[in-house]
Amino acid sequence: MSKKVSIEIGHGGSDPGAARGDILEKNINLTVGLELKRQLERHGVNVLINRIDDRGFKVADFLAQAKGFNPDAGISVHTNAFNGTANGFEVFRNTNAFKTTSNLLCAGIEREVKKLGQTSRGIKESPFIMSSLPCPTAYCELGFLDNPNDYSRFNTPEKQRLFGTAYAKGILDYFAVEWKEEGQASSEAAAPPSTGGVLFRVVAGSFSNKSNADAQVKLLKSKGIDCFIAEYR
Ligand SMILES: [Zn+2]
């Protein structure tokens, strides 16, 4: 059974969340959350998400949908602001019957975030948006956008995506799903069928000149398509 995760990307539309000038929490959350979704789906996780662009959402509607989805974990993606001097990641476990597993989930995410060099204010407890779901939840605040030093850790989409990846690694670790680097072919895909089944090969060109074949492999790999050269004599 593939795992299921509900993702709440905080704020959106007319609700910017925390803000400093034109730095808006809703935009940071969106970049982080979409990368989290992409990385989880790449590992076979089924994701329910509240938004995939800049639009608002009704908390009650999303929670009703999430309850029907019956997820194995719920993740909220937020960014903090306080008085300009506070800094660091913080994550809130839920307060319901899933408090213990929630703590494990939060610990996995926190560990991966620390690997990015971000400090942590620790795992705290609070009944946030997804706490009513019957599953462990983690409400993540990646850092303080009103602290220039903290913000320097997530001031580009590339850096924000690293947080999304870190969250995904933490969640997958909690599920005991092995992390696969991108472009790494799964062993099932690479192995031929063992019981005389039909094998469909995708051919992307035949070349009499090896360097032309190498160029084709390079092109395909640059597009994220894993491939190799087979010789026919
Ligand atoms: Zn928020």
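Q: Is the crossing of α1 and α5 left-handed or right-handed?

A: The crossing of α1 and α5 is right-handed. The model in which this crossing is seen is a predicted one.

Q: What describes two packed helices?

A: A packed pair of helices is described by two quantities, the angle between the axes and the distance between them. For α1 and α5, the angle is about 45 degrees and the axes are 7 Å apart. An angle of this size makes α1 oblique to α5, as it lies outside the ranges under 35, over 145 and 65 to 115 degrees.

Q: Which residues of α1 meet α5, and which residues of α5 meet them?

A: On the α1 side, the residues are Ile28, Thr31, Val32, Gly33, Glu35, Leu36, Gln39 and Leu40. On the α5 side, they are Pro157, Gln160, Arg161, Phe163, Gly164, Thr165, Tyr167, Ala168 and Ile171. Divided by class, the contact of α1 with α5 contains nine nonpolar, six polar and two charged residues.

Q: How is the length of helix α1 to be checked, and what is the result?

A: The check sets the span expected at 1.5 Å a residue against the separation of the end C-alpha atoms. Helix α1 covers residues 25–42, and its 18 residues should span 26 Å. The end C-alpha atoms of α1 are 26 Å apart, which agrees with that expectation. After α1 comes Gly44, with a positive phi near 80 degrees.

Q: How many residues of α1 are buried, and what follows from that number?

A: Burial is judged by counting neighbours: a residue is buried if 20 or more other C-beta atoms lie within 10 Å of its own. In α1, 14 of the 18 residues are buried, so the helix is largely enclosed by the rest of the structure. For the protein, 37% of the 233 residues count as buried.

Q: Which residues of α5 are buried, and what covers them?

A: The buried residues of α5 are Gln160, Leu162, Phe163, Gly164, Ala166, Tyr167, Ala168, Lys169, Gly170, Ile171, Leu172 and Tyr174. Their cover includes two helices, α1 and α3, together with the strands β1, β5 (73–80) and β8 (137–144). The length check can be repeated here: the 19 residues of α5 should span 27 Å, and the end C-alpha atoms are 27 Å apart, in agreement.

Q: At what angle do the axes of α3 and α5 cross?

A: The axes of α3 (residues 99–115) and α5 (residues 157–175) cross at roughly 140 degrees and come within 8 Å. That angle makes α3 oblique to α5. The hand of this crossing is right-handed.

The contact is formed from α3 by Leu104, Leu105, Gly108, Ile109, Arg111, Glu112, Val113 and Lys115. From α5 it takes in Phe163, Ala166, Tyr167, Lys169, Gly170, Ile171, Asp173 and Tyr174. By class, this contact of α3 with α5 has nine nonpolar, two polar and five charged residues.

Q: Which residues does Gly108 touch, leaving out those up to four places away in sequence?

A: Gly108, a residue of helix α3, touches Gly170, Ile171, Asp173 and Tyr174. Gly108 is buried, as 21 other C-beta atoms lie within 10 Å. Its C-alpha atom is separated by 8.2 Å from that of Tyr167, which is 59 residues away along the chain.

Q: What share of contacts joins residues at least 24 apart in sequence?

A: Among contacts between residues at least 6 apart in sequence, 74% join residues at least 24 apart. A pair well separated in sequence can be examined in Tyr139 of strand β8 and Ile75: these two are 64 residues apart in sequence, and their C-alpha atoms are 5.8 Å apart. Beyond four places in sequence, Tyr139 touches Ser76, His78, Val91, Phe92 and Phe128. Tyr139 is buried, with 25 other C-beta atoms within 10 Å.

Q: Which non-glycine residues with a positive phi deserve a look, and where do they lie?

A: Two cases may be taken in turn. His11, with a positive phi of about 70 degrees, lies in the loop between β1 (4–9) and β2 (19–20). Ala176, with a positive phi near 60 degrees, follows α5 and lies in the loop between α5 and α6 (187–190).

Q: Is each of these residues buried or exposed?

A: His11 counts as buried, with 25 C-beta neighbours inside 10 Å. Ala176 has 7 such neighbours and counts as exposed.

How values were computed: Residues are numbered from 1 along each chain as its sequence is written. This is a predicted model: local features need pLDDT of at least 70, side-chain atom pairs count only at pLDDT 80 or more; totals for chains, interfaces and linings use all residues. Axes are lines fitted to C-alpha atoms, for helices over the stretch in contact, and angles run from 0 to 180 degrees between N-to-C directions. Helices (H or I, at least four residues) and strands (E, at least two) are DSSP runs, numbered from the N terminus. A crossing is left-handed if the near helix is turned anticlockwise from the far one by less than a right angle, and right-handed if clockwise. Two residues are in contact if their C-beta atoms, placed from the backbone, lie within 7 Å. Ala, Val, Leu, Ile, Met, Phe, Trp, Tyr, Cys and Pro count as nonpolar, Asp, Glu, Lys and Arg as charged, and the others, Gly among them, as polar. The expected span of a helix is 1.5 Å times one less than its number of residues. A residue is buried if 20 or more other C-beta atoms lie within 10 Å of its own, exposed if 12 or fewer, and partly exposed in between; C-beta atoms are placed from the backbone.
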